[in-house]
Amino acid sequence: DGQVCLVDSETGKEINRWKARLGQGHTDTVYGAAMSSESGMLVTGGFDRTCRVWDERSSSSVATLSGHKDFVLGLGISADGQRIYSGSKDRTVAVWEVQAWSRYLSIVGHPNSITCLDVAPKNAVENLDLFCTGGADTTVRLWNVRTDVGRRM
């Protein structure tokens, strides 16, 4: 129905609901979502090959990030809210700079779809920008944004 709902996992009560205005939402199935309470952002991605960025406070779409050549399946937001990570069936991870809403880095490392993605929490590893991806190739890879180097786990 074009809506994203935030529900309290303990009580089952709805906390917030985002309904896209005409022309703002995804045009196909939404497959992934990531949320940052610190930055107030919700990011969704899906079969229309885009990421949509939503403002938690106003429930409105603030940006559309385009450039993947296939479905967006995994999403993450950096602990400081300055970067968005999107993993795709096109085998790439796009790292987006929030301030400019532009692609900062594109990383290829899996020989098949990237099916999930997670970003290391703040202070997990000092002075590193780490995230991990899981792929349809049955591997997990740990990445450092600063060096653009991935390590197979």
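**Exercise 1. A residue and its partner across the sheet**

Find the residue of β6 that stands opposite Val53, then describe the sheet around the two strands β5 and β6.

*Solution.* Step 1: Opposite Val53 stands Ala63, a residue of β6. The model you are looking at is predicted, so local features need pLDDT of at least 70 and side-chain atom pairs count only at pLDDT 80 or more, while totals for chains, interfaces and linings use all residues. Residue numbers start from 1 along each chain as its sequence is written, and side-chain values use heavy atoms, with hydrogens and water left out.

Step 2: Strand β5 covers residues 50-55 and is joined to β6 by 6 bridges, the two running antiparallel. Strands here are DSSP runs of E, at least two residues long, numbered from the N terminus, and two of them pair if DSSP finds at least two bridges between them.

Step 3: Now widen the view to the open sheet of 4 strands, whose order is β3-β4-β5-β6 with antiparallel pairing. The edges are β3 (30-36) and β6 (60-66); each has a single partner strand, so one side of each lacks a neighbour in the sheet. On average, neighbouring strands of this sheet are turned by 20 degrees against each other, direction ignored. The strand axes behind this angle are lines fitted to C-alpha atoms; by the general convention angles run from 0 to 180 degrees between N-to-C directions.

**Exercise 2. Inside the cores**

Which residues have the most contacts inside the largest nonpolar core, and which elements give two or more residues to this core?

*Solution.* Step 1: That core has 14 residues, and those with the most contacts inside it are Met41, Val43, Cys51, Val53, Leu65, Leu75 and Ile84. Two or more residues come from each of β4 (41-46), β5, β6, β7 (72-77) and β9 (92-97). The largest share, 3 residues, is given by β7. Another core lies apart from this one; it has 11 residues, among them Leu105, Ile114, Val119 and Trp143. A nonpolar core is a set of buried Ala, Val, Leu, Ile, Met, Phe, Trp, Tyr and Cys residues joined through side-chain atoms within 4.5 Å.

Step 2: Take Cys51 as a sample member. Its relative accessibility is 0%, so Cys51 counts as buried. Buried means under 20% relative accessible area, exposed over 50%, and partly exposed in between (1.4 Å probe, protein chains only).

Step 3: Look at Leu42, a residue of strand β4. Leu42 has a relative accessible area of 4% and is therefore buried. Leaving aside residues up to four places away in sequence, Leu42 touches Val4, Trp18, Ala33, Ala34, Met35, Arg52, Val53 and Trp54 (contact means heavy atoms within 4.5 Å). Trp18 is 24 residues from Leu42 in sequence, and 9.6 Å from Leu42 in space, C-alpha to C-alpha.

Step 4: Ser36, in strand β3, is also buried, because its relative accessibility is 7%. With residues up to four places away in sequence not counted, Ser36 touches Met41, Glu56 and Ile77.

**Exercise 3. A hairpin and its rings**

Describe how β12 and β13 are connected, and then follow the aromatic pairs that involve Phe131.

*Solution.* Step 1: Strand β12 (residues 130-135) pairs with strand β13 (residues 140-144) over 5 bridges in the antiparallel sense. The two make a hairpin with 4 residues between them, and in the turn Thr138 has a positive phi of about 70 degrees. Phe131 faces Trp143 in β13.

Step 2: A pair of aromatic rings is described by the distance of the centres and the angle of the planes. Rings of Phe, Tyr and Trp (its six-membered ring) pair if their centres lie within 6.5 Å; planes under 30 degrees apart count as stacked, over 60 as edge-to-face and the rest as tilted.

Step 3: The structure holds 4 aromatic pairs. Tyr85 and Phe131 make a tilted one, with 4.9 Å centre to centre and 45 degrees between the planes. This pair links distant parts of the chain, with Tyr85 in strand β8 (residues 83-88) and Phe131 in strand β12, 46 residues apart. For Phe131 and Trp143, the centres are 6.3 Å apart and the planes stand at 15 degrees, so this pair is stacked. Both Phe131 and Trp143 are buried.

Step 4: Elsewhere, ring pairs link Tyr31, Phe47 and Phe71 into a cluster.

**Exercise 4. Counting disulfides**

How many disulfides does the structure hold, and why is Cys116 not bonded to Cys132?

*Solution.* Step 1: There are 0 disulfides (pairs of cysteine sulfur atoms within 2.5 Å).

Step 2: The closest cysteine sulfur to that of Cys116 is in Cys132, and the 7.0 Å between them is too far for a bond. Cys116 counts as partly exposed because its relative accessibility is 41%.
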